[in-house]
Amino acid sequence: MIQSAKRLDTVQEYYFSKKLREVRELAATGKPIINMGIGSPDLQPPTKVIAAIQHSFNDAVAHKYQSYQGLPELRNAIAKFYHQKFNITANPSNEILPLMGSKEGIMHISMAFLNEGDQVLIPNPGYPTYTSVTKLVGAEPLFYELEETNNWQPNIGALETLDLTKVKIMWVNYPHMPTGTDALKETFEKLVAFGKKHQILIVNDNPYSFILNDNPLSILQVNGAKDIALELNSLSKTFNMAGWRVGMVLGNKNYINEILKVKSNMDSGMFYGIQKGAIEALHLSDDWFNQQNKIYEERRSLVFQLADKLNCTYNTNSTGLFVWAKIPTGKTSEEVTDAILYDKDLFITPGTIFGSQGEGYIRFSLCVSKEVINNAINRF
Ligand SMILES: Cc1ncc(COP(=O)(O)O)c(C=O)c1O
């Protein structure tokens, strides 16, 4: 048996990878499992997107290696999309890089900017990948706590009291997963000022910007943000294209160029047909967003009913694909979700997988139909 690299000692198998195996095993024994754990959209991508990939197969270049930077048409579509949605001007030739999902971007950015021993500010609670990638590249996570009492916004005053000399990157994710908290212009402004003051690259991971969100914001809207901030976005949630693996990073050309150095050494371009589909998605009218949000809104109100059955409290204005709910005191998050899994055959995510600040909370996914949510409600 060949010994694996030491870097693997720093990470464990992803919670969902393990837990979903257990959930599948339970389902295989005949249990009527309902999975409200993961945020993989169950709805179909836009029909135009599917048509575009289908029509692309016979194009002469369809099966060749593609450009490391993606098709110019795709970068133009991203530029137009960011201009329409956020009024941001980004040069498609050097300030935009298509990615295979925003998750890939987290690794590429970390490889491009972190040395061993550098520190990285990571939200607690937050998306677990920021931590695992930080450890995989030999850097050190420095968690910053988000609190419900502070509307899950970073406490910049508290951050200022830390020794920040080794901090190189700060991960930010608004709208925030798992809490569903909206982005605030004021928070982005403070973060950009903080990044400039301490020379910390601020990266906003923004894949939930168009789900149940009346006011999508980008960190790049802040004056001078491009000097110190990058933004990741993704088609996974907005266009129900999670399996397609299409994301993007936007920012200053010098930063983008460093990320490209990593990326061009790791893959050989995104499949042509996927890029063609992505271009169609980015050109869709507001009807698409309204139609999706109507479905998610109906589901969310049913999930609120389910949360009520569990005596939870929650924010009725939350954004994104999840409802984040506070459980009654007395049991841990994992005790609550395990009891629900074993007694009611319903899988919900314990807040603690997003960090210690997730204790006392559970997360419901909106990626299940109304019928299924009603079925879950009827089990209580
Ligand atoms: C906060 C956050 N960032 C990034 C991702 C990854 O998205 P993508 O499919 O674009 O890699 C997810 C997916 O669940 C997420 O929740």
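Axes here are lines fitted to C-alpha atoms, for helices over the stretch in contact. The model shown in these views is predicted.

**View 1. Helices H3 and H9 cross.** H3 spans residues 72-86, and H9 spans residues 272-282. Their axes come within 9 Å and cross at roughly 20°. Angles under 35 degrees count as roughly parallel, so H3 is roughly parallel to H9. The crossing of H3 and H9 is left-handed.

**View 2. The ligand and its shell.** The ligand has 14 residues around it. Asp-205, Tyr-208, Ser-234, Ser-236 and Arg-245 come nearest. By type, the shell divides into 5 nonpolar, 5 polar and 4 charged residues.

**View 3. Polar contacts of the ligand.** A polar side-chain atom of Asp-205 sits 2.5 Å from a ligand nitrogen. In the side chain of Ser-236, an N or O atom is 2.6 Å from a ligand oxygen. Lys-103 contributes a polar backbone atom, 2.8 Å from an oxygen atom of the ligand. On its own the ligand has 400 Å² of accessible area, and the protein covers 91% of that.

**View 4. Two cis peptide bonds that lead into prolines.** The bond from Asn-124 to Pro-125 is cis, with omega near 5°. Pro-125 is in the loop between strand S3 (119-124) and helix H5 (129-136). Met-177 and Pro-178 are also joined by a cis peptide bond, with omega about 15°. The loop between strand S5 (167-172) and helix H7 (185-198) holds Pro-178.

**View 5. Trp-152 with a positive phi.** Phi of Trp-152 is near 55°, and this residue is not a glycine. Trp-152 lies in the loop that runs between strand S4 (140-145) and helix H6 (156-160).

Conventions. Residues numbered from 1 in each chain as written. Predicted model: local features only at pLDDT ≥ 70, side-chain atom pairs only at ≥ 80, totals over all residues. Heavy atoms only, no water. Near = heavy atom within 4 Å. Polar contact = N/O pair within 3.5 Å; in protein donor to acceptor, adjacent residues only side chain to side chain. Areas by Shrake-Rupley, 256 points an atom, 1.4 Å probe, with all protein chains shown as cover. Nonpolar A, V, L, I, M, F, W, Y, C, P; charged D, E, K, R; others polar. Axes fitted to C-alpha atoms, helices over the stretch in contact; angles between N-to-C directions. Helix = DSSP H or I, 4+ residues; strand = E, 2+ residues; numbered from the N terminus. Parallel < 35°, antiparallel > 145°, perpendicular 65-115°, else oblique. Left-handed = near helix turned anticlockwise from the far one by under 90°.
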